[in-house]
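Open the model in a viewer and keep the sequence panel visible. The stops below are given as selections, each followed by what is found there.

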Amino acid sequence: MPPPRSITAVVAATLDNGIGRDGGLPWRLPGEMKYFARVTTGEALPPNTHNAVIMGRKTWDGIPSKFRPLKDRHNLVVSRAGVDVGDAHLTTPHNSLESAISAVPSTAHRTFLIGGAQLYNQSLPDHVDRVLLTRVLESLPCDAFLDDFTADKRWRRAPHAELREWVGWDVPEGDVEEKGIRYRFEMWVKDL
Ligand code: FOL
């Protein structure tokens, strides 16, 4: 089976590229989380398809147990040690990113990389051609960071209309505020 030709990273990052703290997210933003769930699950998918989400083991651990495996998505977890991730049919452990990528089922519509720092930073240069970045317009204490992928000039920020078109629904444009934290939805693409 050929590997999926395109992988999209979904990530929320502060102005300093902070993405995590103490094994979880540095904030609780239910509206932003709804965006994550809606975009990764997808809508009006072709019959008998679903999207796939690939994540590292620490990201898996950071998802509240009642929400994992992430429902209506094929979950793949990268873990060198092969930790127990529960239902092996829903959530298959893989010892490398490459192995997880090649295990994405052919029925997968879109494939998303959902973290964390280790996987993002190792895969954005070579494996990922689109980033759905939620830019959190604050500086918050974090202990996990995204490399500044935008320093690589192959990446360009797409116009908002392109983001709307790609997700297929009306993503809010411009600053959103939730619980006093401002953020905006961006899409970055790599034209190879
Ligand atoms: N990308 C973005 N934009 N925001 C995020 O919060 C995010 N989080 C991760 C990866 N990419 C992201 C990894 N962390 C859940 C929890 C943590 C997590 C990812 C997902 C989670 O519980 N998801 C449920 C949401 C349930 C709800 O509506 O609260 C899901 O079904 O997706």
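Start at Gly-42, the residue that follows helix H1. Its phi is positive, near 85°. The model is a predicted one, and the stops that follow should be read with that in mind.

**Helix H1**

Step back from Gly-42 and select residues 30-41, which form helix H1. The helix has 12 residues. From the first C-alpha to the last it reaches 16 Å, close to the 16 Å expected at 1.5 Å a residue. Colour its buried positions next: Glu-32, Tyr-35, Phe-36, Val-39, Thr-40 and Thr-41.

**The ligand**

Keep H1 displayed and select the ligand with the residues around it. How many residues surround the ligand? There are 18, and the closest are Val-10, Glu-32, Lys-34, Arg-73 and Ile-114. Which element gives the most to this shell? It is H1, with five residues. Strand S1, residues 7-14, also supplies at least two residues of the shell, as H1 does. Coloured by class, the shell shows 13 nonpolar, two polar and three charged residues.

Now draw distances from the ligand to three of its closest neighbours:

- Val-10: a polar backbone atom of this residue is 3.1 Å from a nitrogen atom of the ligand.
- Lys-34: a polar side-chain atom lies 3.1 Å from an oxygen atom of the ligand.
- Arg-73: a polar side-chain atom lies 2.7 Å from an oxygen atom of the ligand.

Switch to a surface view of the ligand. Taken alone, the ligand exposes 670 Å², and the protein buries 87% of that.

**The aromatic cluster**

Return to H1 and select Tyr-35. Is this residue buried or exposed? Tyr-35 counts as buried because its relative accessibility is 4%, below the 20% cut-off.

The structure holds six aromatic pairs. To see one of them, add Trp-169 to the selection and show both rings. The ring centres of Tyr-35 and Trp-169 are 5.8 Å apart and the planes stand at 70°, so the pair is edge-to-face. This pair links distant parts of the chain, as its two residues are 134 residues apart. Tyr-35 sits in helix H1, while Trp-169 is in the loop between helix H5 (160-167) and strand S10 (176-178). Trp-169 has a relative accessible area of 13% and is therefore buried as well.

Extend the selection to Tyr-183 and Phe-185. Ring pairs link these two residues with Tyr-35 and Trp-169 into a cluster.

**Strand S4 and Asn-75**

Select residues 73-78, strand S4, and centre on Asn-75 within the strand. Asn-75 has a relative accessibility of 1%, so the residue counts as buried. Follow its side chain to two backbone atoms. One is the backbone nitrogen of Leu-70, reached at 2.8 Å. The other is the backbone oxygen of Arg-73, reached at 2.9 Å. Arg-73 was met before, at the ligand, where a polar side-chain atom of this residue lies 2.7 Å from a ligand oxygen.

**Lys-71**

For the last stop, select Lys-71, in the loop between helix H2 (57-62) and S4. Lys-71 has a relative accessible area of 60% and is therefore exposed, whereas Asn-75 is buried. To finish, draw a C-alpha to C-alpha distance from Lys-71 to Thr-107: the two are 16 Å apart in space and 36 residues apart in sequence.

Methods
Residues numbered from 1 in each chain as written. Predicted model: local features only at pLDDT ≥ 70, side-chain atom pairs only at ≥ 80, totals over all residues. Heavy atoms only, no water. Near = heavy atom within 4 Å. Polar contact = N/O pair within 3.5 Å; in protein donor to acceptor, adjacent residues only side chain to side chain. Areas by Shrake-Rupley, 256 points an atom, 1.4 Å probe, with all protein chains shown as cover. Helix = DSSP H or I, 4+ residues; strand = E, 2+ residues; numbered from the N terminus. Nonpolar A, V, L, I, M, F, W, Y, C, P; charged D, E, K, R; others polar. Expected span 1.5 Å × (residues − 1). Buried < 20%, exposed > 50% of the residue type's maximum accessible area, 1.4 Å probe, protein only. Phe/Tyr/Trp six-rings, centres within 6.5 Å; stacked < 30°, edge-to-face > 60°.
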